[in-house]
Structure formats: structure tokens, C-alpha cells
Amino acid sequence: MNKEEIIVNIEKALNEIRPFLNSDGGDISLVEVIDEKHVKVRLEGACTSCSLSISTMKAGVETTIKNMFHK
């Protein structure tokens, strides 16, 4: 899988998560694709100061992105 395909799949995964974050006043953006197994994303808005942001990243974002690549 080339970098462009990785970006498309990550954006698809983020678009699945985004409505839940938006409903709480937050958002997420892709910062960088490092390689096939490492990406950087940024929580934005209300999500940056949320006490559950680590859980959101681990259980929501990471899981959704991994699932996108294992379909």
C-alpha cells in the first residue's frame, strides 16, 4: 500500500470518528503519516482538554484506524 492509499484509508477512519467528536465540540485531524504502522493525529477543540482524550485516542481513534486496514 502506498502513502496516498494509507492517507485515504486514515481519512475514511477519521470521518467515522469525527461525528462523535463534533457532537462534543471537538474534532480530529491527520498530522502526518510516518509509515504503514505509525501516524500522528491531533485532537482539536473541546477534545484537547477532555479528561477522556487518552481513552478516545486509544479505544476510538486507534481501534478505528487499525480496523480500517484489517478489513
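Which residues does Ser29 touch, not counting residues up to four places away in sequence? Keep that in mind while you get your viewer ready. What you have open is a predicted model.

**Stop 1: Ser29**

Select Ser29, which you'll find in strand 1, residues 26-35. Now show what is around it: Ser29 touches Leu14, Arg18, Lys40, Val41, Arg42 and Glu44, once residues up to four places away in sequence are left out. Pick Glu44 from that group and look at the two side chains, because the side chain of Ser29 makes a polar contact with the side chain of Glu44, at 2.8 Å. Is Ser29 buried or exposed? Its relative accessible area is 18%, and the cut-off for buried is under 20%, so Ser29 counts as buried.

**Stop 2: the two helices**

Next, select residues 3-23, which are helix 1, and residues 53-69, which are helix 2. Give each one its own colour. At what angle do helix 1 and helix 2 pack? The angle is about 140°, and the axes are 9 Å apart. That makes helix 1 oblique to helix 2. Turn the view until you are looking through one helix at the other: the crossing of helix 1 and helix 2 is right-handed.

Now bring up the side chains where they meet. On helix 1, select Ile6, Asn9, Ile10, Lys12, Ala13, Leu14, Glu16, Ile17 and Leu21. On helix 2, go for Thr56, Gly60, Val61, Thr64, Ile65, Met68 and Phe69. Try colouring them by class: this contact has 10 nonpolar, four polar and two charged residues.

**Stop 3: Phe69**

Stay with helix 2 and click on Phe69, which has its place there. With a relative accessibility of 27%, Phe69 counts as partly exposed. Which residues does Phe69 touch, not counting residues up to four places away in sequence? They are Met1, Ile6, Asn9 and Ile10. Then try your distance tool on Phe69 and Lys3: they are 66 residues apart in sequence and 13 Å apart in space, C-alpha to C-alpha.

**Stop 4: Ser53 and Cys47**

Ser53 is another residue of helix 2. Select Ser53 and check its surroundings: setting aside neighbours within four places in sequence, Ser53 is in contact with Leu43 and Cys47. At 18% relative accessibility, Ser53 counts as buried.

Follow that contact over to Cys47. Where is Cys47 found? Cys47 sits in the loop between strand 2 (38-45) and helix 2. Its relative accessibility is 9%, so Cys47 counts as buried. Leaving out neighbours within four places in sequence, the contacts of Cys47 are Leu21, Gly26, Asp27 and Ser53. For a distance to try out, select the C-alpha atoms of Cys47 and Asn9: 38 residues apart along the chain, they are separated by 22 Å.

**Stop 5: Glu36**

Last click: Glu36, in the loop between strand 1 and strand 2. Buried or exposed, what does Glu36 count as? At 55% relative accessibility, Glu36 counts as exposed. Glu36 still has contacts to show, as it touches Met1 and Ile6, not counting residues up to four places away in sequence. Finish with one more distance: the C-alpha atoms of Glu36 and Ile54 are 18 residues apart along the chain and separated by 22 Å.

Technical notes
Residues are numbered from 1 along each chain as its sequence is written. This is a predicted model: local features need pLDDT of at least 70, side-chain atom pairs count only at pLDDT 80 or more; totals for chains, interfaces and linings use all residues. Side-chain values use heavy atoms; hydrogens and water are left out. Axes are lines fitted to C-alpha atoms, for helices over the stretch in contact, and angles run from 0 to 180 degrees between N-to-C directions. Helices (H or I, at least four residues) and strands (E, at least two) are DSSP runs, numbered from the N terminus. Angles under 35 degrees count as roughly parallel, over 145 as roughly antiparallel, 65 to 115 as roughly perpendicular and the rest as oblique. A crossing is left-handed if the near helix is turned anticlockwise from the far one by less than a right angle, and right-handed if clockwise. Contact means heavy atoms within 4.5 Å. Ala, Val, Leu, Ile, Met, Phe, Trp, Tyr, Cys and Pro count as nonpolar, Asp, Glu, Lys and Arg as charged, and the others, Gly among them, as polar. Buried means under 20% relative accessible area, exposed over 50%, partly exposed in between (1.4 Å probe, protein chains only). A polar contact is a pair of N or O atoms within 3.5 Å; within protein, one must be able to donate a hydrogen and the other to accept it, and residues adjacent in sequence count only if both atoms are side-chain atoms.
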